Amino acid sequence: MDAETVLTTTRSVRRKLDLDREVPQHVLDDCLRIAQQAPSAGSMAAQFRWLLVRDADTKAKIAAYNRETAEAAWAQYGHLVEERALASAQHLVRNLERVPVLAIPCMIGRPPADAFSQSAYFGSAYPAIWSFQLALRDRGLGSSICGYHLQDHEADVAELLGIPDDVMQISLLAVAYTTQREFRAAARPDIEDVTYLDTWGSRG
Ligand SMILES: Cc1cc2nc3c(=O)[nH]c(=O)nc-3n(C[C@H](O)[C@H](O)[C@H](O)COP(=O)(O)O)c2cc1C
């Protein structure tokens, strides 16, 4: 798959995850190796970790925490979300324990308070997360971030997985082969609407 195709067609896959197909560890390892090439700020690369969860009981417990927070949020705000997007998110959350692999990127050290350090902290995780997602796509797998549990149950999941108090779970990704190979570029705002020249709001 050429770079432009993989960059423009890597979608959040929720309904099209193949819940019955095993994901070999060597395939994940290849994707993780690629993600290790992502940029990071200064020494932050040394703080980054992945925790992969395959155990069925553990996945079921994580999924229950995830579902509890997500369902509560949807009860309150679900009407504000586009119907199709909501149904897609609900499908994943309600089937999360069936997803072959849950991947939890973590950062050692809690998030800092100032903008400069926050930028370095989160900015040293998401390039690797996205590289991982791109590498998965290139190999016929898909993923979606599904981090609802972080709102109310980060500590519960940390206890379940033995994650120390000073480690933050940055996110949670559902990972599986996809039931289709073709995905399309999504509709996004035109670059003219999101790009300014020289001063805020100016298009030059
Ligand atoms: C930081 C971050 C958090 C996200 N959290 C969730 C989530 O909790 N649940 C979910 O279904 N999708 C989540 N997503 C995926 C977005 O909903 C998705 O990227 C967006 O709808 C655009 O769709 P696409 O990825 O298919 O282009 C998250 C994405 C990012 C970057």
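Leaving aside its neighbours within four places in sequence, which residues is Ser88 in contact with? That is where I opened my notebook today. I kept in mind that this is a predicted model.

**Entry 1: Ser88 and its partners**

I looked up the contacts of Ser88 and found Arg14 and Arg15, once neighbours within four places in sequence are set aside. Ser88 sits in helix H4, which covers residues 83-94. I then asked myself: is Ser88 buried or exposed? Its relative accessibility is 11%, so Ser88 counts as buried, because buried means under 20%.

Next I followed the contact to Arg15. I found Arg15 in the loop between helix H1 (3-9) and strand S1 (17-18). Arg15 has a relative accessible area of 45%, so I wrote it down as partly exposed.

**Entry 2: a positive patch**

Arg15 turned up again when I checked the surface. Which residues form a positive surface patch with Arg15? I noted Lys16, Arg84 and Arg184 as its companions there.

**Entry 3: salt bridges**

How many salt bridges does the structure hold? I wrote down six, and I picked some of them to follow up.

I began with Asp30 and Arg33. Their closest N and O atoms are 3.1 Å apart, and the two form a salt bridge. Both residues belong to helix H2 (residues 25-35), and they are three residues apart, about one turn of the helix. Asp30 is partly exposed, at 32% relative accessibility. Arg33 has a relative accessible area of 51% and is therefore exposed, because the exposed class starts over 50%.

I moved on to Arg94 and Glu71. In this salt bridge the closest N and O atoms are 2.8 Å apart. The pair links distant parts of the chain, with Arg94 in helix H4 and Glu71 in helix H3 (residues 56-77), 23 residues apart. I was pleased to meet helix H4 again, since Ser88 is found there too. Arg94 is partly exposed, with a relative accessible area of 41%. Glu71 also counts as partly exposed, at 28% relative accessibility.

The last pair I looked up was Asp193 and Arg203. Their side chains meet in a salt bridge, at 3.7 Å from N to O. Asp193 lies in helix H9 (residues 191-194) and Arg203 in the segment after H9, so this bridge ties together parts that are 10 residues apart in sequence. Asp193 is partly exposed, at 44% relative accessibility, while Arg203 is exposed, with a relative accessible area of 56%.

**Entry 4: the segment after H9**

I stayed in this part of the chain for one more residue. Asp198 is found in the segment after H9. What is the sign of phi in Asp198? I noted a positive value, near 70 degrees, in a residue other than glycine. Asp198 has a relative accessible area of 78%, so I listed it as exposed.

**Entry 5: a distance to finish**

For my final entry I turned to Ala115, which is found in helix H5 (residues 115-123). Ala115 is exposed, at 59% relative accessibility. How many Å apart in space are Ala115 and Arg98, C-alpha to C-alpha? I wrote down 38 Å, for two residues that are 17 residues apart in sequence.

Technical notes:
Residues numbered from 1 in each chain as written. Predicted model: local features only at pLDDT ≥ 70, side-chain atom pairs only at ≥ 80, totals over all residues. Heavy atoms only, no water. Patch = residues over 30% accessible without salt bridge, like charges linked within 9 Å, V, L, I, M, F, W, Y side chains within 5 Å. Areas by Shrake-Rupley, 256 points an atom, 1.4 Å probe, with all protein chains shown as cover. Salt bridge = Lys/Arg side-chain N within 4 Å of Asp/Glu carboxyl O. Lys, Arg positive; Asp, Glu negative; His and termini not counted. Charge placed at Lys NZ, Arg CZ, Asp CG, Glu CD. Helix = DSSP H or I, 4+ residues; strand = E, 2+ residues; numbered from the N terminus. Buried < 20%, exposed > 50% of the residue type's maximum accessible area, 1.4 Å probe, protein only. Contact = heavy atoms within 4.5 Å.
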